[in-house]
Amino acid sequence: MSKVSKSPIYESFAMLHPSGDLMCYTNKKRANWYIKLSLAKWINDNTFQLRFEPKGKGKSHLPFYTQKMQNICVVCGVKEQINKHHVVPYVFRSRFPEKYKSNTHHDIVTTCTSCHEQYELHANLLKEKLVKDLGIRMQQDKSKEEKFNNKVLSARYTLSRYLNHELLDKDGNVSTLPEDRLKQLQELAQKPLYEIKDKHQSHWADGVIEGLKTENDFVKFVQMWRQHFLDYAKPQFLPLYWSVKHPLCE
């Protein structure tokens with residue numbers, strides 16, 4: 001089950017150009033960074049204005065970035081159990097060249113856990129097809145030490161979610177663990193990890209990305225995933241101006 005965000009994903013702090021024009025909406029952390037360095041001043045509780053003349057006016061030329069985003073599931077519209085969803089799977093986007101990897105805002109949307117998990121069934125099938133077409137093995141054989149480490153890390157992760165009340169049952173309610181299961185997880189989580197010196201150097205996603213040679217290849221790859229999300233998730237509440245054709249580099 002996907003992790004639910006504890007705080008609003010979109011905070012919608014307006015960043016203004018010195019001229020007063022809206023440049024974009026951003027989060028509180030970024031707003032405070034400008035304020036702390038005396039690079040901006042507060043206009044009101046949710047609006048700050050730059051004190052310096054930037055090179056341009058941000059992304060004000062792209063209407064997508066000058067709208068307030070809603071903290072709702074873009075698929076069904078609910079406001080509860082919301083999380084970020086990477087339209088282009090993170091396993092691929094994280095391997096993009098930096099100039100493509102840094103422009104991700106358009107392709108990170110909000111979905112509820114139910115819609116996310118339903119769509120992921122289809123997304124995983126596409127991943128498997130991409131890998132199969134390249135003749136790559138998606139699963140790699142792991143050593144006993146690696147398998148043991150994975151169990152320990154899984155136990156630590158489950159415990160962390162349980163202690164932070166983030167472990168949910170199938171109905172989305174905070175889950176409880178039987179006493180014996182909790183004790184088993186605690187004992188496993190305390191075990192030290194093996195040092196793995198001969199780790200697998202390749203990942204199945206590397207082979208997929210290595211097949212993208214030109215900017216046009218990356219554009220087609222991204223647009224394929226956007227269209228796939230539209231076809232299989234069938235989102236009814238996407239932000240205005242969200243588009244399969246949205247530029248890869250802005």
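Helices (H or I, at least four residues) and strands (E, at least two) are DSSP runs, numbered from the N terminus. The model shown in every view is predicted.

**Figure 1. The whole protein chain, with eight helices and six strands.** The chain has 250 residues. From start to end, its elements run β-β-α-β-β-β-α-α-β-α-α-α-α-α. A box of roughly 60 × 45 × 40 Å, taken along the principal axes, holds the C-alpha atoms. Buried residues account for 38% of the chain. Take the contacts between residues at least 6 apart in sequence: 69% of them join residues at least 24 apart.

**Figure 2. The largest pocket, with about 760 Å³ of space.** Its lining has 33 residues, and those closest to the centre are Tyr25, Thr26, Asn27, Arg30 and His105. Three elements each supply at least two lining residues: strand E2 (22–26), helix H1 (28–36) and strand E6 (108–112). Strand E2 gives the largest share, with four residues. By class, the lining of the largest pocket splits into 16 nonpolar, 11 polar and six charged residues.

**Figure 3. Close-up of Thr26, one of the residues closest to the centre of the largest pocket.** Thr26 sits in strand E2. Is Thr26 buried or exposed? Its relative accessible area is 13%. Buried means under 20%, so Thr26 is buried. Beyond residues up to four places away in sequence, Thr26 touches Glu11, Ser12, Phe13 and Phe48.

**Figure 4. The largest cavity, about 30 Å³ in volume.** Rolling a probe the size of a water molecule over the atoms shows where empty space is left. How many cavities of 30 Å³ or more are counted? The count comes to one. The largest cavity is lined by His86, Val87, Val88, Arg93, Thr104, Asp107 and Ile108. Three of these lining residues are nonpolar, two are polar and two are charged.

**Figure 5. The crossing of helix H4 (residues 113–133) and helix H8 (residues 215–233).** The two axes come within 10 Å and cross at roughly 145 degrees. The crossing of H4 and H8 is right-handed. Helix H4 brings Tyr119, His122, Ala123, Leu126, Lys127 and Leu130 to the contact. From helix H8 come Phe221, Met224, Trp225, His228, Phe229, Tyr232 and Ala233. By class, the contact of H4 with H8 has 10 nonpolar residues, two polar and one charged.

**Figure 6. Lys234 and Tyr241, two residues in the segment after H8.** What is the sign of phi in Lys234, a residue other than glycine? The value is positive, near 50 degrees. Lys234 has a relative accessible area of 51%. Exposed means over 50%, so Lys234 counts as exposed. Tyr241 is not a glycine either, and its phi is also positive, at about 70 degrees.

**Figure 7. Cys249, in the segment after H8.** Which residues does Cys249 contact, leaving aside neighbours within four places in sequence? They are Lys99, Tyr100 and Asn103. The C-alpha atoms of Cys249 and His105 are separated by 11 Å, although the two residues are 144 residues apart along the chain. His105 is also among the residues closest to the centre of the largest pocket. The relative accessible area of Cys249 is 34%. Partly exposed residues fall between the 20% and 50% limits, so Cys249 is partly exposed.

**Figure 8. Asn173, in the loop between helix H5 (144–163) and helix H6 (179–189).** Asn173 touches Leu167 and Leu168, residues up to four places away in sequence being left out. Where does Asn173 stand relative to Asn32, 141 residues apart along the chain? The C-alpha atoms of Asn173 and Asn32 are separated by 34 Å. Asn173 has a relative accessible area of 44%. That value lies between the limits of 20% and 50%, so Asn173 is partly exposed.

Terms used
Residues are numbered from 1 along each chain as its sequence is written. This is a predicted model: local features need pLDDT of at least 70, side-chain atom pairs count only at pLDDT 80 or more; totals for chains, interfaces and linings use all residues. Side-chain values use heavy atoms; hydrogens and water are left out. On a 1 Å grid over the protein atoms alone, a cavity is a set of points where a 1.4 Å probe fits but cannot get out, and a pocket is an open set with protein on both sides within 12 Å along at least five of seven lines; lining residues have an atom within 4 Å of a point. Grid points are joined across faces, edges and corners, and a volume is the space filled by probe spheres set on the points. Ala, Val, Leu, Ile, Met, Phe, Trp, Tyr, Cys and Pro count as nonpolar, Asp, Glu, Lys and Arg as charged, and the others, Gly among them, as polar. Axes are lines fitted to C-alpha atoms, for helices over the stretch in contact, and angles run from 0 to 180 degrees between N-to-C directions. A crossing is left-handed if the near helix is turned anticlockwise from the far one by less than a right angle, and right-handed if clockwise. Contact means heavy atoms within 4.5 Å. Buried means under 20% relative accessible area, exposed over 50%, partly exposed in between (1.4 Å probe, protein chains only).
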